[in-house]
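Trainee: Got a minute to go through this one with me? I'd like to start with how the chains meet and then move on to the ligands.

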Amino acid sequence: MKIVKLPKENLAKFVSSLSSFGQIHAPVKRGEKSLAFGPVSDFAQIQLNYTRTILPLKKYFFKPIDTMFNFSAEKGYELPMEEPEQRNVFFGVHPCDIHGLKILDLVFSGRYVDNYYFARRNNAAIIGLDCIPDEFCFCRSTGTDFVDSGFDLFLSDIDESYLVRVGTSLGDDMVKATESLFRDIEKQDREKYKGKSIEKRESFQIQIQLQDLPGIMDLEYDSPIWEELGQDCLSCGTCSMVCPTCYCYAVFDELDLDASSGRRMRRWDSCLFKDYALVAGGHNFRAERSSRVKNRFFHKQRGFVSQYGRPSCVGCGRCKAYCPAGIDIVEVINKLRSEIRV
Amino acid sequence: MSNHRNATSLENPYLPNPARIIRTLPQIPDHQLFQIRFEKEEIAESFRHKPGQFVMLSVVGTGEAPFSISSSPTRPGNIELCVRRIGHVTDALFKLPPNALVGIRGPYGNGFPVEKMEGNSLLLIAGGLGMAPLRSLLWYALDNRAKFKNVTLMYGAKNPDDMLFKYELLNLIDRADVKCLLTIDKKDESEIWKAHVGVVTTLFDHVEIDPNDTYAAICGPEIMFKFVLDKLLQRNFPKDRILMSLERNMQCGVGKCGHCMVGYKYTCLDGPIFTYWDAINLPEMI
Ligand SMILES: Cc1cc2nc3c(=O)[nH]c(=O)nc-3n(C[C@H](O)[C@H](O)[C@H](O)COP(=O)(O)OP(=O)(O)OC[C@H]3O[C@@H](n4cnc5c(N)ncnc54)[C@H](O)[C@@H]3O)c2cc1C
Ligand code: SF4
Ligand code: SF4
Ligand code: FES
C-alpha cells in the first residue's frame, strides 16, 4: 500500500482541497457535548479529537426514512426521481465505523442488491482517521481497531504529521491533487507509527474475549441473564438506531390525500420494538422483552457469524453509551462468560 | 473500481411487477383463491417457481405481504394464491374490483427440495390454510407422478365448510395413484360427509409408511405441528425427512429487513421450508 506523510500544518489546506471531490462531511458539534457527522464548509468546524458521533455513517446510505417507490392507481409502482448525484467525502471516519460500513455492505449486497444503499455508498469517499479509545470502546476485542480496506485514505496521528495510507485510486487522486502538501515517509515516521500503535493498544480500558462467544451463547441460551435484562430494557430501540451494523427496517405505504397515489417508504426498525415479530392474527414470536433483548445479542454475536462468517459488533460502544437503562454489552458478555470482574 | 464500491444491480429487487387478478374463486368464508397473471407477457411466460416458494403481493396504496404460491409449477402461465382475509393488506385485496392491478415480486424462498424428494414416497400433512403451499407440491407430484413412489395427502379441517379446495380434493379420493385422506374434526348430524372424522393425526391409522423412503411435508397451525411431529417421530422418521413451512413477519422477502429472522437464519432466504433437524438446531423455531 502506498503510504505518505501529511504534516499537520497542511491538514487544513488538504481538507479544503477535498471539496473538489464532493461535499465534505465530518464530525461537528451538535449541542454542548454531542457530535454528529454533518456537512462542513470550514475546516475549523471539524472535531479532530472526537471519540464517537451519536449516529454512525449508516444514516447517509441507509436513511432513517426513505422513499422506495412512488405509486398510483394507474401506474403502479415507480422508482422515485433519481436524486441528483451528489458526491460526498467523509472525513474523519474511525476504524470501527469503517468496519461497520463493510458489514452493511455484506448485508445489502449478495443475491439481491439494495440499490438505494449502494447508489449512495458508491458516491462516497471515505477518509479514515485513527483515534484513542475511551471508557466505552472495545474495538480491539472485536478486532476492528484497525482497517486495511474500506477507505480511500486513512490518516494516523504521528505527532507532528499524519501518516497517510492510500487505499484506492481515488485516494491517490486526492493526494496527487495537492501533492506539494505531502512528504515521503522516513524511518523515524515508521517508528513513530509503531510506537503510537502500542500507545493505542495500551489505552484500551476494556478487554473481552469474543472469539469463542458463539459457542458460549448457545450454552447460555436459557440463562437467567436474559430475564434480568428484560426487566431493565425499556424497548426504546436506541441501541439499534445508534448501532453502525443494525440494519433492520420496516416497510409501509403512505397515501396522499387524493387516496390513489402515494409512496412506499421504509424506516429504521428495531428488533427491540414490541411488534417487530408480530404476524397477522396476533401471534408474536417475541412477545417477551427478554426474548427481544436476547435476540439482539444473539444476532450480533451468534446469528451473524453463521450468516456472514463474522460477528456484527464492531465494539464502537454506542449502545453502551446511549442505553437509557444502562444495559452494557460488555458486562452482558462478561456475565455470559462468568467473567464478571468488579 | 475501488475495493469498497460495489456494483449496483440493474434490477431493483423490491420493485413489484404489475399483475392482474384475472379470477377470484371463493373457497370458504374469508378465504379466496386469486388467479393472477403478470401484465408483461414475457414475465407471465417465464415465471417459474418451486412448490413451497412464496411471492410478495402489493395492493397499491395499502402495503405488501408474503403469500405461498398455491399453484403448481407444472401449470405455468398464471399463479394462484389462496389468501385468508385477516388484516389490512388482505382486506384491501378482497375488496378489489375484478381485473384489478396488483404488484407481485418473487418467487422467493427455498421451496421444497423436490429434486431430493424424487424417487421417494411423499406424505403431505396439512391443516387449515397449510393446504395452500402443499397444494402446489401435491399437483407437482401428481403431474410428475412417475417420479415418486406413493403419494399420500392427509388434510384436516374443522368441518366440511372449512375445507379449502374441497371439490378438487374430493375428486382425488377416487384416483388410484394418490391416497387422499380428508378429515373433519367433528361431524354434524345433518352433514353428508363421507370421508374421515377426527383430528388429522388419527389418519395415521390408515396408512403404511416406510420412513426411510418417504419425505413428510407438514403445513398448518402450530399445535398441529406438535402432534404430527410426535406421530412421525414415533414411526422413526429421520429428522431430515420431515419438512415444514414456517411463517414469520416478512417485510422484504430478500434477506434485508431482518424481520423474518429465526435463530440464525432468514426465513425468507433459507426457508420458509425447514427440516425438523434445522428446527431442533435453531432456537425459537417452534
Ligand atoms: C412464507 C409465507 C407464506 C404465507 N402464505 C400465505 C398464504 O398462502 N395465504 C395466506 O392467507 N397467508 C399467507 N401468509 C401469511 C400472510 O403473509 C399474512 O396473513 C399477511 O401478511 C397478512 O397481512 P395483512 O396486512 O392483511 O395483516 P395485518 O395484520 O394488517 O398486518 C400484519 C402486519 O404484519 C406484517 N407481516 C409480515 N409478514 C407477515 C406474516 N407472515 N404474517 C402476518 N403478518 C405479517 C405485515 O406486513 C403487516 O405489517 C404467509 C406468510 C409467510 C411468511
Ligand atoms: S437502548 Fe437499552 S433500553 Fe433501549 S432498547 Fe436498547 S437495550 Fe433496551
Ligand atoms: S452492538 Fe453496540 S458496541 Fe457493538 S457495534 Fe453495535 S452499537 Fe457498537
Ligand atoms: S423478510 Fe426481510 S429479511 Fe426476510
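Trainee: How many residue pairs are in polar contact between chain B and chain A?
Mentor: Between chain B and chain A there are 21 such pairs, counting those where both residues are at pLDDT 80 or more. Keep in mind that this is a predicted model.

Trainee: And which parts of chain B supply the side that touches chain A?
Mentor: Strand S3 (54-59), S4, strand S6 (101-108) and strand S14 (265-266) of chain B each supply at least two residues of that side. S6(B) gives the most, with 3 residues. By class, the side of chain B that touches chain A divides into 19 nonpolar, 16 polar and 9 charged residues.

Trainee: OK, what about salt bridges, how many between chain B and chain A?
Mentor: The count there is 1 salt bridge. A:Arg264 forms a salt bridge with B:Glu64, and their closest N and O atoms are 3.4 Å apart.

Trainee: How much area is buried between the two chains, B and A?
Mentor: About 4200 Å² is buried between chain B and chain A, and carbon and sulfur atoms give 55% of that. In terms of residues, 44 of chain B are in contact with 60 of chain A.

Trainee: Switching to ligands. Where does ligand 1 lie?
Mentor: Ligand 1 lies between chains A and B. There are 23 residues around ligand 1, and those that come nearest are A:Ala280, B:Pro66, B:Thr90, B:Arg248 and B:Met250.

Trainee: Which elements of chain B each supply at least two residues of the shell around ligand 1?
Mentor: Those are strand S4 (63-68), strand S5 (79-84) and helix H2 (88-95) of chain B. S4(B) gives the most to that shell, with 5 residues. S4 also turned up on the side of chain B that touches chain A.

Trainee: And the make-up of the shell around ligand 1, by class?
Mentor: It has 14 nonpolar, 5 polar and 4 charged residues.

Trainee: What lies 2.6 Å from an oxygen atom of ligand 1?
Mentor: An N or O atom in the side chain of B:Thr90. The backbone joins in too: a polar backbone atom of B:His88 is 2.7 Å from an oxygen atom of ligand 1, and a backbone N or O atom of B:Val89 lies 2.8 Å from an oxygen atom of the ligand. Taken alone, ligand 1 exposes 830 Å², and the protein buries 87% of that.

Trainee: Next up, ligand 3. Which residues are closest?
Mentor: Of the 13 residues that surround ligand 3, the closest are A:Cys243, A:Cys313, A:Cys316, A:Gly317 and A:Cys319. Helix H10 (289-308) and helix H11 (318-322) of chain A each supply at least two residues of the shell. That shell has 8 nonpolar, 2 polar and 3 charged residues.

Trainee: How many charged residues in the shell around ligand 2, then?
Mentor: The shell around ligand 2 has no charged residues, and it divides into 9 nonpolar and 3 polar. The residues around ligand 2 include A:Cys233, A:Cys236, A:Cys239 and A:Cys323, with A:Leu272 and A:Ile327 also among them.

Trainee: Last thing. Where does A:Ile132 lie?
Mentor: A:Ile132 is in the loop between strand S7 (124-129) and strand S8 (153-158) of chain A. Leaving aside neighbours within four places in sequence, A:Ile132 is in contact with A:Thr51 and A:Ser203.

Trainee: And how far is A:Ile132 from A:Phe182, C-alpha to C-alpha?
Mentor: Their C-alpha atoms are separated by 24 Å, with the two residues 50 apart along the chain.

Technical notes: Residues are numbered from 1 along each chain as its sequence is written. Chains are lettered from A and ligands numbered from 1 in the order in which they are written. This is a predicted model: local features need pLDDT of at least 70, side-chain atom pairs count only at pLDDT 80 or more; totals for chains, interfaces and linings use all residues. Side-chain values use heavy atoms; hydrogens and water are left out. A residue is near a molecule or strand if one of its heavy atoms lies within 4 Å of it. A polar contact is a pair of N or O atoms within 3.5 Å; within protein, one must be able to donate a hydrogen and the other to accept it, and residues adjacent in sequence count only if both atoms are side-chain atoms. Accessible areas come from the Shrake-Rupley method with a 1.4 Å probe; for residues, only the protein chains shown count as cover. Helices (H or I, at least four residues) and strands (E, at least two) are DSSP runs, numbered from the N terminus. Ala, Val, Leu, Ile, Met, Phe, Trp, Tyr, Cys and Pro count as nonpolar, Asp, Glu, Lys and Arg as charged, and the others, Gly among them, as polar. Contact means heavy atoms within 4.5 Å. Buried area is the accessible area (1.4 Å probe) that two parts lose on being put together, summed over both. A salt bridge is a side-chain nitrogen of Lys or Arg within 4 Å of a carboxyl oxygen of Asp or Glu.
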